[in-house]
Amino acid sequence: MKRKRVLAAVLVCVLLSGQAVCAQESTDDGIDIVESESTYEGELYSGGIWEPGLIELTPSELPEDNTGDVELQSEQYNNEAELFFLLEQKVKEAVLSGKTELNITGLHIPINTYQVAYLGCFSPYFSNGIELQFYYSGEYYVKLDISNTMSTAETENYFYDVDRKVEQILAQINEDMPEETKALIIHDYLVSRFEYDNENFENDTLPADSFRSGGLIMNEIGVCQAYAYAYKYIMNRLGIECHVASSSSMGHGWNIIKIDGAYYQTDCTWDDPVGDRFGMAQHKNFLVSDEVIQSEGHYGWTLQSMVGDIACTSTRYDNAYWREATSPVIMSDGYAYYVKEKDIYKRNLAAQEETVLKNLGRWGVWDSPGYGYKTAFSGLFLHEGWLYYNTASEIRKISLQTNEDTMVYQPDTSSGYIYGCRKHDGVLQYSLAKVPGETESVLAAPVDVRTYPTAIVTEISSVELEVNDTMYLLYSMLPQSSTAQVTWNSDNPGVISVNNRGKITARSAGYATVTVSTDNGKSASVGVTVYNPLPFTDVAKSQWYYDSIAWVYRNQIMTGLNQTKFAPGQSVARAQFAVILYRMNGEPDVEYTKKFPDVAKGIWYADAVLWASDMGIVTGYSNTGKFGPADSITREQMAVMMYRYAIRRGYDVSKKADFGKFSDSSRVSKFAEDAMQWAVGMGIIAGKDNGTKLDPQGNASRAECATIIMRFVEKYGQ
């Protein structure tokens with residue numbers, strides 16, 4: 001949590017013969033200027049990084065089921081970011097279900113590769129009373145304990161608020177932006193909006209959330225570890241590799257980020273002045289090399305990501321145009337706008353040419369007439385094609401199209417000058433202070449800077465639930481920078497009720513339309529179908545196959561063995577699978593012929609078997625001519641029948657995958673190779689044992705069959 005200390009001597013004075021003489025230099029306009037607090041001295045505050053405890057378990061202390069939760073067994077991750085997001089989702093689900101422990105043995109996470117104990121710092125969801133404790137045994141993490149001081153309802157509301165806040169930050173980015181621009185915009189967002197928790201730091205009263213991304217993002221205040229993990233979280237959400245570097249000798253943490261194939265140092269904390277410079281951002285520690293970050297006072301770092309040493313040798317941005325900028329850099333139509341020294345600059349990014357757009361004038365030294373500061377103290381933000389800024393006494397805006405310069409608001413400055421402005425959730429905020437960097441008054445100008453939405457869209461257009469299910473419906477507004485109040489409504493509250501945060505609750509079987517509307521008249525709707533719970537006592541919601549069994553049952557493709565038993569682990573017979581395909585095809589009329597000696601007229605599967613035979617989907621045994629209706633179907637036989645069915649329906653079966661990565665691929669029969677390659681390539685059949693085996697000769701269970709059928713229909717339709 002290392003901080004650079006601001007020079008206290010804003011005005012440097014010594015006593016000579018009873019008079020104050022100030023260090024100064026004169027300007028042509030007769031104003032004596034002094035250095036402002038934007039100059040830093042080299043002294044560093046030392047406070048230490050918060051390190052989560054990791055507890056070792058002996059074999060006798062391991063969870064009773066030491067294979068881990070079933071739903072985690074097949075989960076895959078390829079890198080640190082994927083693992084952290086996977087754990088985030090699983091822990092969120094556990095928290096909402098009231099679990100106090102999560103067995104992660106099945107993920108096989110090595111402790112020497114991934115420092116997942118920092119999940120509570122990384123994810124913004126695990127704050128506000130949620131605590132995580134990780135355990136390991138041998139070389140792997142095995143479980144984590146969860147405590148939560150919030151109720152389930154409070155947790156749901158908190159997660160909803162985090163969702164909206166993270167979406168707001170991500171909305172600053174367009175997908176077609178270069179990586180350096182994405183990194184710059186998020187850096188400036190954190191630095192210009194959030195504040196270093198200096199008061200608690202100085203008093204040694206830092207709360208736990210001041211070390212976490214959730215504390216920074218939701219409370220807008222934190223220390224270096226919170227800045228570093230918040231930056232990493234957003235960068236990783238944008239698909240950009242980013243790590244946390246920390247120095248125990250400095251007691252400080254920051255980031256190393258990969259941009260266009262090269263690594264760079266970035267320290268959002270040291271670019272955020274103390275005291276807080278309202279709506280302003282520095283860039284001396286943004287996308288720089290090891291050499292530059294060392295010259296700024298950093299040393300002795302290691303990576304908390306455990307990815308090994310990363311050298312930041314590229315000097316591409318060491319002298320970038322933003323390095324001396326003291327405001328957020330605003331991008332618009334190929335130009336960058338920023339405050340540097342006492343001016344607003346406009347930079348043509350294609351030609352790399354810089355011109356002065358506006359001189360900001362002087363900030364006088366309070367109670368010292370004739371003295372002024374060397375630099376300007378202006379915030380900068382873009383709204384509806386206007387660039388907003390402030391002088392010492394006014395808030396103004398410049399049109400980026402015509403260069404028209406207009407006063408927006410002139411507050412009473414009898415108690416202090418304006419030291420920064422910003423747009424915050426649709427409100428124009430500014431600060432008044434006598435001295436830059438002192439405790440400031442944050443005020444709201446009576447100026448409308450909301451961006452009104454032209455449309456609102458929901459994440460989904462329809463959803464299926466069971467009675468008593470709940471979920472949040474998510475939405476976004478266009479343009480992404482829009483700000484609006486929303487209301488929710490259900491046209492059938494007896495089926496679906498909805499609260500003011502978009503949480504829907506299924507009350508009874510039926511259908512309802514849920515609508516979200518903005519306060520300027522835009523709306524979007526979600527159709528919700530509610531079913532009664534499955535009647536099967538042997539199919540629990542916590543089991544991996546629940547959704548697929550529910551789907552085939554509700555679509556009348558598979559039924560139970562009786563009214564209360566589905567038998568998910570029982571093998572599927574050849575006749576049963578023929579019936580499933582027959583139902584998918586609408587059960588056309590079939591004229592009985594004695595094609596197979598073991599398929600009698602009138603038996604429940606006769607029409608299905610004969611239809612499948614006529615379609616070329618199934619054949620009998622060559623040595624007996626029998627169909628073998630009671631014989632269990634193998635996984636490769638099922639793939640062959642699905643493959644033939646797809647061909648007969650005219651579906652595209654050209655996508656195939658080499659299944660050589662599976663350890664038992666040599667066991668696939670010759671007649672089934674094309675079908676298995678197709679099924680794997682389309683994602684209809686997945687590997688067993690964490691994706692390592694195909695098990696082609698193994699019998700297909702009813703649960704596996706339901707899953708394969710659902711995947712097939714999702715790909716092709718029935």
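The following exchange takes up salt bridges and burial in this predicted model.

Me: Why is the contact between glutamate 131 and arginine 212 called a salt bridge?
Reply: The side chains of the two residues approach to 2.6 Å, N to O, and because the cut-off is within 4 Å, the pair qualifies. The partners come from distant parts of the chain, 81 residues apart, with glutamate 131 in strand E9 and arginine 212 in the loop between helix H5 and helix H6.

Me: What makes arginine 212 buried or exposed?
Reply: Its relative accessible area is 4%, and since buried means under 20%, arginine 212 is therefore classed as buried. Glutamate 131, by contrast, has a value of 33%, which lies between the limits of 20% and 50% and so makes that residue partly exposed.

Me: How do you know that glutamate 466 and lysine 541 form a salt bridge?
Reply: Their closest N and O atoms are 3.7 Å apart, which is within 4 Å, so the criterion is met. This pair also links distant parts of the chain, as glutamate 466 belongs to strand E30 whereas lysine 541 sits in the loop between strand E37 and helix H9, 75 residues away.

Me: Why is lysine 541 called partly exposed?
Reply: Its relative accessibility is 46%, and because partly exposed covers the range between 20% and 50%, lysine 541 falls into that class. Glutamate 466, at 4%, is under 20% and therefore buried.

Definitions and conventions. Residues numbered from 1 in each chain as written. Predicted model: local features only at pLDDT ≥ 70, side-chain atom pairs only at ≥ 80, totals over all residues. Heavy atoms only, no water. Helix = DSSP H or I, 4+ residues; strand = E, 2+ residues; numbered from the N terminus. Buried < 20%, exposed > 50% of the residue type's maximum accessible area, 1.4 Å probe, protein only.
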